[in-house]
Amino acid sequence: MDAPIGAMGDGFGERLVLEEKSQLGRWGGCLLYLLMIPFALLGAVMASLLLVTAFEVCFGLQAQGAGGFVCWSVFCLFVPMAYYLYEEYRSRDFQEVALCEGRLEVVGGAGDWRSAELLDVKVWPSGLSFASDRGERLTVRVVTEDHRKAVLEGLLPRMVAAQRQVLESAGEIRLYRDWRPLGKALLRALLVGGLMGLLCCLVRWQLGVFCGLSLIGLMLVPLLRDFWGAGLILTRTGMRGLRDSAEVPWSEVESCWTGDYFQEVLRVGTRRGVLTLVSARNPLVWALLIQELRAAEP
């Protein structure tokens with residue numbers, strides 16, 4: 001069976017500082033996100049023009065109604081893009097983030113100190129993303145692989161053990177499909193596709209429309225394919241899809257892996273097919289739990 005990561009550690013024995021920022025660095029980050037607002041607006045405009053052109057070709061949208069539709073669609077696209085940038089800035093607005101005995105210790109921008117219990121950790125291209133029991137998300141830039149490995153080896157076993165206790169007490173764990181990654185993926189696709197369409201429009205507007213819409217489709221199709229799986233049910237004896245009646249015994253589970261760049265998708269290979277889940281938390285937690293349950297099968 002495929003192992004998602006290497007051997008896990010026993011946890012943290014001391015305080016591990018993940019990222020520190022100076023006051024100047026915080027202000028620089030704020031300025032960077034402010035400068036990204038015009039690019040978000042430009043992406044919303046281009047994505048709206050691509051949609052209007054597609055509607056004109058497919059549904060014969062009248063030219064006199066296109067202007068108002070463009071303005072409304074730009075507003076509807078730009079507002080969530082700006083909110084997404086604001087949430088990303090909030091997740092990085094701190095002076096110091098450290099881990100101590102499985103808890104997240106944060107020194108805020110105003111110098112206030114707070115501690116929270118960690119619920120989830122994800123590995124992103126920009127670093128590590130943490131979710132706490134206070135409902136906040138923090139993203140840190142981890143510059144060394146040793147720090148990244150130490151965080152995963154310290155936190156993932158705790159999370160897996162907690163879910164194992166839930167399974168033992170309740171008899172099953174129901175994992176439901178999370179829709180939030182689809183919204184984020186749609187915003188990313190519209191922004192990137194809109195900017196690509198703008199560049200290609202410098203050559204020819206038909207080329208811009210084709211390239212923009214093609215890029216949006218290429219970015220969304222893989223995730224839409226994974227959304228066919230409504231969820232998973234894990235029991236002591238096996239697992240099944242949320243809509244399935246037949247359970248797959250643990251002895252028939254062949255592999256499990258996370259196949260998404262932002263660690264949101266879990267795929268479990270069985271002798272009867274592949275089960276997928278777009279997870280609200282790091283799918284490595286479920287992959288490790290499945291691995292433990294599979295190994296315990298006589």
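Which element gives the largest share of the lining of the second largest pocket? In this predicted model, the answer is α4, with six residues. The pocket itself holds about 500 Å³ of space. Its lining is made up of 22 residues. M36, Y84, L85, E88 and R188 lie nearest the centre. Three elements each give two or more residues to this lining: α1 (23-59), α2 and α4. By class, the lining residues divide into 16 nonpolar, one polar and five charged.

The largest pocket holds about 920 Å³. It is lined by 34 residues. Nearest its centre lie G135, E136, R137, R180 and K184. Five elements give two or more residues to the lining: the helices α2 (63-90) and α4 (180-201), and the strands β4 (113-124), β5 (127-132) and β6 (137-140). The top contributor is α2, with seven residues. Here the lining divides into 13 nonpolar, seven polar and 14 charged residues. Both α2 and α4 thus appear in the lining of the largest pocket and in that of the second largest.

The two pockets sit in a chain of 298 residues, 44% of them buried. The chain has six helices and 13 strands. Sequence-distant contacts are frequent. Among contacts between residues at least 6 apart in sequence, 63% join residues at least 24 apart.

Helix α4 was examined further. It has 22 residues. From its first C-alpha to its last it reaches 31 Å, close to the 32 Å expected at 1.5 Å a residue. Its buried residues are P181, L182, A185, L187, A189, L190, G193, G194, G197 and C200. In an α-helix, residues three or four places apart point the same way, because there are 3.6 residues a turn. One of the residues of the second pocket, R188, lies nearest that pocket's centre along with M36, Y84, L85 and E88.

Helix α3 (residues 145-170) gives a similar check on length. Its 26 residues should span 38 Å at 1.5 Å a residue. The end C-alpha atoms are 37 Å apart, so the span agrees with expectation. The buried residues of α3 are R148, V151, L152, G154, L155, L156, M159, V160, Q163 and L167. Arginine and glutamine are thus among the buried residues of this helix, as R148 and Q163. Just after α3, G171 takes a positive phi of about 90°.

The loop between α2 and β2 (94-100) contains S91. Is S91 buried or exposed? S91 counts as buried because its relative accessibility is 1%, against a cut-off of under 20%. Leaving aside residues up to four places away in sequence, S91 touches R137, L138 and T139. R137 is also one of the residues nearest the centre of the largest pocket.

Cysteines were considered last. A disulfide is a covalent bond between the sulfur atoms of two cysteines. The count of disulfides in the model is zero. C200 is in no disulfide. The nearest cysteine sulfur to that of C200 belongs to C211 and is 3.6 Å away. The cut-off for a disulfide is 2.5 Å, so a pair of sulfur atoms must lie within that distance to count. C200 counts as buried because its relative accessibility is 12%. C76, at 36% relative accessibility, counts as partly exposed.

Notes. Residues numbered from 1 in each chain as written. Predicted model: local features only at pLDDT ≥ 70, side-chain atom pairs only at ≥ 80, totals over all residues. Heavy atoms only, no water. 1 Å grid on protein atoms, 1.4 Å probe; cavity = no way out; pocket = protein on both sides within 12 Å on 5 of 7 lines; lining within 4 Å. Points joined across faces, edges and corners; volume = space filled by probe spheres on them. Helix = DSSP H or I, 4+ residues; strand = E, 2+ residues; numbered from the N terminus. Nonpolar A, V, L, I, M, F, W, Y, C, P; charged D, E, K, R; others polar. Buried < 20%, exposed > 50% of the residue type's maximum accessible area, 1.4 Å probe, protein only. Expected span 1.5 Å × (residues − 1). Contact = heavy atoms within 4.5 Å.
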